[in-house]
Amino acid sequence: MSHTGANGGGDGPDGGEETTVRLSVPGMDCPSCAGKVETALDGVAGVSECDTRPTTGQTVVTYDAGVAAETDVTAAIERAGYEVVDGRTDGASDAETDEPGNPETDEPGDTDAGVWRSTRAVKTGVGAVFLAVGLALRFLLPGFDVPVASVLGEPLSVADVSFLVAVGAAAPPILRGGYESARQFSLDIDFLMTVAVVGALAASVAFGEALYFEAATLAVLFSVAELLERASIDRARDSLQELMELSPDEATVVRDSRRETVPVETVAVGDVVAVTPGEKIPVDGEVVDGESAVDQSPITGESVPVEKRPGDEVYAGTISEGYLEVTVTAPSGDDTLSRVVELIEDAQSDTTEREQFVERFAAYYTPAVVAFAVLVTLGGPFLLGRTWSAAVVDGLTLLVLACPCAFVISTPVSVVSGLTAAAKNGVLVKGGSHLEAAGEVDAVAFDKTGTLTRGELTVTDVIPLEDNTETDVLRCASGLETRSEHPIGEAIVEHAAAADVTTPEIDDFDSVTGKGVEAELDGTRHYAGKPGFFEELGFDLSHVHAATDGGRVVPQAVEEDTPSPAEPSIDHTAPADTLPADRASCDRDNCLDLLADTVPTLQSDGKTVVLVGTADELEGVIAVADEVRPEAATTVEQLRALGVERTVMLTGDNERTAAAIAEKVGVDDYRAELLPDEKVAAVDELADAEGGVTMVGDGINDAPALAAATVGVAMGAAGTDTALETADVALMGDDLSRLPYLYRLADRAGSVIRQNVVGSLLVKAGLALVVPFGYVPIWLAVLAGDAGMTVGVTSNAMRLSRVRAD
């Protein structure tokens, strides 16, 4: 078992500490099993919340530690007939159990081979042997099938005895499960099968016509069905287990120049871990020594190893090609991989609309089929001319078909398969409802900076005005932006630092949302921001003066090798006859019209313009540019090919820059100069117009817009707690091309779920309708209607693991 947290809900109602535990219950592998566990926990005083997850065999329980203890919770689950074992594979119990609903695997959670070596499998095999012997005597060697005993005056042949031995070997787990179901008033498969087996034995005595073969067939084939179901569920669980096993169990810690191999859970934050070539990195951390390419595909889905140097971040479960020393930044269990696994497990409590529909339908299906079974049993001899013994068998067959397990589990097992496949490809989907919604929305909205562009802004132009120099402009701008968290501000600060520009003393900083920043620099109020911000301050941007040197205008474009767009050719002067009246009458020859000339020229090349000045003087113009992601245009094109009808870019940047970027990436529309609340309004508008919208952003600055969207997708979420927590879907790598993969997977998952639900329902309904006419033997109902469909829907769901990113 593993604790997901303590004191997670504050104090309990009786003043105790509220505690949450995550328990591994491998035998709980179907909805009816989960129902029994929930009923058992409802009877434990102090338990406030219970979340059962049959597809992964886990139960998350929240209880008041002042009223109940973990042993009380465990005891209640075990009284319901399910063993609680340690959630870790290496801590699994070796004890064999004989509990209902649990195929008694020698190692719970082990591979399929563990299921077929279990105690129940052995007993089922014994039952199958005696069933086969009975069949051979009855149909192939009738001369040896002689009476050997009698029950209430009814003779028992050798074959009948063989059938009874088969029942005795295979039926006990079924009968115990039926008893627990009856005690909890649960009309589930264990209860129905118990009624069917006991009913067949009772009818053999009551009607004088031996139904021991039917009883043995039910007991043996249902046990086989349970084993098949468990093996299928284990395959689905194994896909998640593979993720959990990516992180190594041990780490080599460097302490006082000595190396010591220790369990990874004992490694503390701040320790230095040595990673040898080809070894998995055991913890999240920061490289302090060494350089190496690291295969990050288990976390981010990136197919090409990423070069890591001192100062770079690395993740647990990734593979280093060379030697690295890493300072631990997160303890084991709180690393990125562990959070991804936990979020996938928690995502199971998020039910899809289809799942909710199936659960509602199942609540009516079982009682209806049971009622139909009673009607067929009592009415068959009168309405259809069936003998009483045949009518009883028909009724028992319908009881087998009354269990809705196959189509109830068809959706959650598909969701788990889809979520796990997505995680292996670097996409974290935090719930089945989000996967379902992603396959249904027809509009995608993108943020610009950091999403369609790299988000790595660089300064491309510095234009000093009046009597200022480039250094003056950078000094004031970097001082203002030092406390800003905006990428533009960071780019300006980095550029000033590279130019050895000193930062002035800053005081009384304030950020004006969507416009700019202001602060006291060396006692003087300064401003930096959009041109519109300075117009609000009262500046005439159509008439300013560029800095001069000996009477000539000095252009100040930054000369450096950057991936930014080509530098614009800015005409800082203009003939007098083309100038406005106020500029024409000006006696200086260095006049600039920022609004008509300088700013539009910069913006048309996709650059963002920042003005710097005081309340009395405009000191300069700074332009920054961001490179469009090379995969952006291809991503938009692929989404369109996958059926997305409308793509829109949302940005707070100016109209001209937005238009230039939108044209490069090929989106259908763009919205520019949006404040954060206006982005939310734009998302709401798109959702209303298109019936839903996916918003793609960085998960931090765009959190409100992501929350407002039908599906919020955060870019580059690996190692970013905020993005992992706020987004519905997180692209772990900084790779926009994962978005088309998400849409392909969501579309395929929707198809698989529909196939599973419709297919299982049609098979069960079709069999049930022809049972009264004697066309469905009881063995076919067990194998096709129960085990066959369970294995079928699980195998179909596992096909989602083959959907891979390009």
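Helices here are DSSP runs of H or I, at least four residues long, numbered from the N terminus. With that in hand, let's go round this predicted model.

**Whole chain**

Start with everything on screen. You're looking at 806 residues, 54% of them counted as buried, with 27 helices and 32 strands. About 32,400 Å² is exposed, and carbon and sulfur atoms supply 53% of that. Take the contacts between residues at least 6 apart in sequence: 67% of them join residues at least 24 apart.

**Stop 1: a nonpolar patch**

Select H11, residues 353-384, and pick out Leu378, which sits in this helix. Is Leu378 buried or exposed? Its relative accessibility is 52%, so it counts as exposed, the cut-off being over 50%.

Now add Val374, Phe382, Leu383, Leu384, Trp388, Leu769, Val770, Phe773 and Tyr775 to Leu378: together they form a nonpolar surface patch with about 1,100 Å² of accessible area. Which helix gives the largest share of the patch? That's H11, with 5 residues. Show H26 (738-770) as well, since H11 and H26 each supply at least two residues of the patch. Keep H26 displayed for the next stop.

**Stop 2: helix H21**

Jump to residues 632-641, which make up H21, and show Ala632, Thr635, Val636 and Leu639: these four are buried. They span an arc of only 95° around the axis, so they lie on the same side of H21. The spacing fits a general rule: an α-helix has 3.6 residues a turn, so residues three or four places apart point the same way. Turn the view to the other side of H21 and you'll find Glu637 and Ala641 exposed.

What covers the buried residues of H21? Switch on strand E17 (443-447), helix H15 (448-452), strand E28 (646-650) and helix H22 (655-665); these, along with H26, are included in the cover. Past the end of H21, click on Gly643, where phi is positive, near 110°.

**Stop 3: the loop before H21**

Step back to Glu631, in the loop between E27 and H21. With 17% relative accessibility, Glu631 counts as buried, because the limit is under 20%. Which residues does Glu631 touch, leaving aside those up to four places away in sequence? Display Asp734, Asp735, Leu736 and Ser737 to see them. If you draw a distance from the C-alpha of Glu631 to that of Asp735, it should read 8.0 Å, although the two residues are 104 apart along the chain.

**Stop 4: strands E18 and E27**

Select E18, residues 458-464, where 6 of the 7 residues are buried. Add E27, residues 618-625: the two strands run antiparallel and are joined by 6 bridges. For one point along the pairing, label Val459 and Val624 of E27, which stand opposite each other.

**Stop 5: two positive phi values**

Most residues other than glycine have a negative phi, and the last two picks go against that. Follow the chain out of E18 into the loop that leads to helix H16 (470-481), and stop at Glu466; phi of Glu466 is positive, near 55°. Then go to Asp508, which lies within strand E19, residues 506-512. Phi of Asp508 is likewise positive, near 55°. How much of Asp508 is accessible? The relative accessible area is 46%, so Asp508 counts as partly exposed.

How values were computed: Residues are numbered from 1 along each chain as its sequence is written. This is a predicted model: local features need pLDDT of at least 70, side-chain atom pairs count only at pLDDT 80 or more; totals for chains, interfaces and linings use all residues. Side-chain values use heavy atoms; hydrogens and water are left out. Patches are made of residues with over 30% relative accessible area and no salt bridge: like charges are joined within 9 Å, nonpolar side chains (Val, Leu, Ile, Met, Phe, Trp, Tyr) within 5 Å. Accessible areas come from the Shrake-Rupley method with a 1.4 Å probe; for residues, only the protein chains shown count as cover. A salt bridge is a side-chain nitrogen of Lys or Arg within 4 Å of a carboxyl oxygen of Asp or Glu. Buried means under 20% relative accessible area, exposed over 50%, partly exposed in between (1.4 Å probe, protein chains only). The arc is that of the directions from the helix axis to the C-beta atoms. Contact means heavy atoms within 4.5 Å. Two strands pair if DSSP finds at least two bridges between them.
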